[in-house]
Amino acid sequence: IILFPGILILLITVLKFAAVLVSFEWDWDIDHSMYRGGRLLAGELNWIVEFDDKLPIVQALFALPAMAHSIRAWQIMSALGIIAGCISAYVFLVSAIRDYFPELSTRTGRVIAFYATVLMAYSFACLPGGISHINPFTASLAMMSIVFADIARRAFPHSRARFYSAFLLGTLCASIAIGIRPYFLYPLVFVGVWAGLKVAPYTLKSAEATPVASGRLNLTPFWIWGFFWIACTGLFGLVANVLPYIISGQLDVFMAAIAILAQDDLNPQTVMSVIQTQGRSIMATQGLIPIILTMWAIAAIILPWSVRLYNTWCLKRNAVLDIGYLVILCPLLLEVAILSQHFWPHYLQFFVPFMGIGIGLFAASLLGTVSFKLSRAHTLLLVLISVIVISVSSSEIVKWSMSAILKSTSSQHRQADQLTAFKRFLNTRPE
C-alpha cells in the first residue's frame, strides 16, 4: 500500500505522455529540427546552406523522425530516453542507498528509488517543454553517463571487460548530451574525476580494497580517470560532429560555423534578466513541481550536514562526493553555463536528474537517521493524505490530458483557429 501514491504519480505521468503523443504539444524548435533532419536525408550537412545554432549531432538525431515524416517518432524516442534515464537513476540510487545505509532493508531502498525516479519522470512530463523537447532526452543521457561511470568505478578492477564497456558507454552518452545541449559540458566533463575519486585503493595481487587508516582520498586514479574521460568524450564528439565534414571536404564550413557560435550569444540576456526569468518560470510551475523543487532545495541544504552529524552514513567519503557533486556542484555548474548564455522556461528540465538523486538520498538519510515505525492506521492515513495532495495538485494536468486524448487532433493545435480560417479563405478562391 505504501507504493500507491507513487503508482498514482506514475499513472498521471503516463497519461500526460499519452496526451502529448496524440496532440500537437510541441513548439517550433522541434519543427525546425525535423526540417534539419530532412535536409540531412537529402544529403545536406548542417551549415552548408543554412546556419543553425545547433551542433550537427542534433541534425543526425532527427534524421530518423524525418525519415518517418512524423514528430511522433521523435516523441517516442524521447519517451524511451526518459525511461532509460529513470532506470539508470533507479539503479544508481538502489546501489548508493545499499552502500550508505546498510541498516535500511533492500525493499526500503527500492521503494525510495522508485519514488525518486517516478518524480523524475513526472517532472520531465510536466515541466515546460514536456517530452517533445530535446531537453529530457539530453538530461536522461547525462544521467546515464553518470551511472555508467559509477558502474565502471564499481567494476574496477574486478572485471576488465565490464569496466571498459561501462566507461566507454558513459563517455559516449556524455558526448551526445554535450553535443545536443552544450550546457552540460561543465557538469559532465568532471564525471571522470568524480568517479576516479570514489575508487578505493586496491592491491594488485588480490584486487581487494585495502584499508586506508588515514581516511585520505585515493588520488592515484584521479588524473588518469579524468584525462581519459575527457579524451574519450572529446573523441566521440569529434567523430559525430566533425568527421562528416572532413570526409566531404567541407571542414572550412564547420570551422566557420563554430567561429560564429563562439561569438556573442545569439539570444543575449543579462545575468539579472536570466535570474528574473528563472524566478518567474519556477513560480509558474504546476502540479507537484513546486513540491518537488522544495524537496530538492531542502535536500541540497540538509544533506551535507547530515553526513557530518550522523554516524549512520557508511563510506562517508563517497557520500560526500555524491552529494557534493551530483546534488550541489552539477546544478551550480549548469546554472553558471545558463547565466553566461540565456534561459528559457524549458531549461528547468536540465536539472531533473539531479533533483531526483537529491530527493532519493535525502529520503534515505531521513529514514536512516530517524526511526519511522508507523502503525497500519498511520500508514493508511499518510497514503490517503498523499493521494489527496497528488490528486488536487495534478487535477489541471489530468484534465488537460484527458481533453487532449478525447478530442480530435485537428482541434488541438495551438493555431487551429487560424488554420480553420485559412481553409475557409482557400475555399473562396477559384480553382
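Contact here means heavy atoms within 4.5 Å. With that in hand, leucine 104 touches Ile97, Ile112, Ala364, Leu367 and Gly368, leaving aside its neighbours within four places in sequence. The model is predicted.

## The chain as a whole

The protein chain has 20 helices and 0 strands. Of its 431 residues, 46% count as buried. How much of the contact in the chain comes from residues 24 or more positions apart? Take the contacts with a separation of 6 or more: such residues account for 80% of them. Two residues with partners far along the chain show this in detail.

## Leucine 104 and valine 118

Leucine 104 lies in the loop between α5 (71–100) and α6. Is leucine 104 buried or exposed? Its relative accessibility is 15%, so it counts as buried, because the cut-off for buried is under 20%. Glycine 368 is 264 residues away along the chain, yet the C-alpha atoms of leucine 104 and glycine 368 are separated by 6.6 Å. Gly368 is also one of the contacts of leucine 104.

Valine 118 lies in helix α6. At 5% relative accessibility, valine 118 counts as buried. Which residue, 112 positions away along the chain, has its C-alpha atom 6.8 Å from that of valine 118? That residue is glycine 6. Valine 118 is in contact with Gly6, Ile9, Leu10 and Thr13, again without its neighbours within four places in sequence. These four names return below, on the α1 side of a helix pair.

## Three helix pairs

Three packed pairs can be set side by side.

| Pair | Residues | Angle | Axis distance |
|---|---|---|---|
| α1 and α18 | 4–21 and 376–393 | about 15° | 9 Å |
| α1 and α6 | α6: 106–126 | about 25° | 9 Å |
| α14 and α16 | 271–283 and 316–339 | about 125° | 9 Å |

Start with α1 and α18. Their angle of about 15° makes α1 roughly parallel to α18, because angles under 35 degrees count as roughly parallel. The crossing of the two is right-handed. On the α1 side, the contact is made by Phe4, Pro5, Leu8, Ile9 and Ile12. On the α18 side, Val383, Ser386, Val387, Ile390 and Ser391 take part. By class, this contact has 8 nonpolar, 2 polar and no charged residues.

Now turn to α1 and α6. They pack at an angle of about 25°, so they too are roughly parallel to each other. How does α1 pass α6, in a left-handed or a right-handed crossing? The crossing is left-handed. From α1 come Phe4, Pro5, Gly6, Ile7, Ile9, Leu10, Ile12, Thr13, Lys16 and Phe17. From α6 come Phe114, Tyr115, Val118, Leu119, Ala121, Tyr122, Ala125 and Cys126. The residues divide into 15 nonpolar, 2 polar and 1 charged. Val118 belongs to this contact, and this is the valine that counts as buried at 5% relative accessibility.

The pair α14 and α16 has an angle of about 125°. Why are α14 and α16 called oblique to each other? Roughly perpendicular covers 65 to 115 degrees and roughly antiparallel starts over 145, so about 125° falls under the rest, which is oblique. Val271, Val274, Ile275 and Gln278 of α14 make the contact with Glu335, Ile338 and Leu339 of α16. By class, there are 5 nonpolar residues, 1 polar and 1 charged.

## Two buried serines

Serine 365 sits in helix α17 (residues 352–369). Its relative accessibility is 4%, so serine 365 counts as buried. What does its side chain make a polar contact with? The partner is the side chain of serine 306, at 3.4 Å. Beyond its neighbours within four places in sequence, serine 365 is in contact with Phe101, Leu303, Ser306 and Trp313. Ser306 is thus on both lists.

Serine 140 is found in helix α7 (residues 134–155). At 2% relative accessibility, serine 140 counts as buried. Not counting residues up to four places away in sequence, serine 140 touches Gly81, Ile82, Gly85 and Phe124.

Conventions: Residues numbered from 1 in each chain as written. Predicted model: local features only at pLDDT ≥ 70, side-chain atom pairs only at ≥ 80, totals over all residues. Heavy atoms only, no water. Axes fitted to C-alpha atoms, helices over the stretch in contact; angles between N-to-C directions. Left-handed = near helix turned anticlockwise from the far one by under 90°. Nonpolar A, V, L, I, M, F, W, Y, C, P; charged D, E, K, R; others polar. Buried < 20%, exposed > 50% of the residue type's maximum accessible area, 1.4 Å probe, protein only. Polar contact = N/O pair within 3.5 Å; in protein donor to acceptor, adjacent residues only side chain to side chain.
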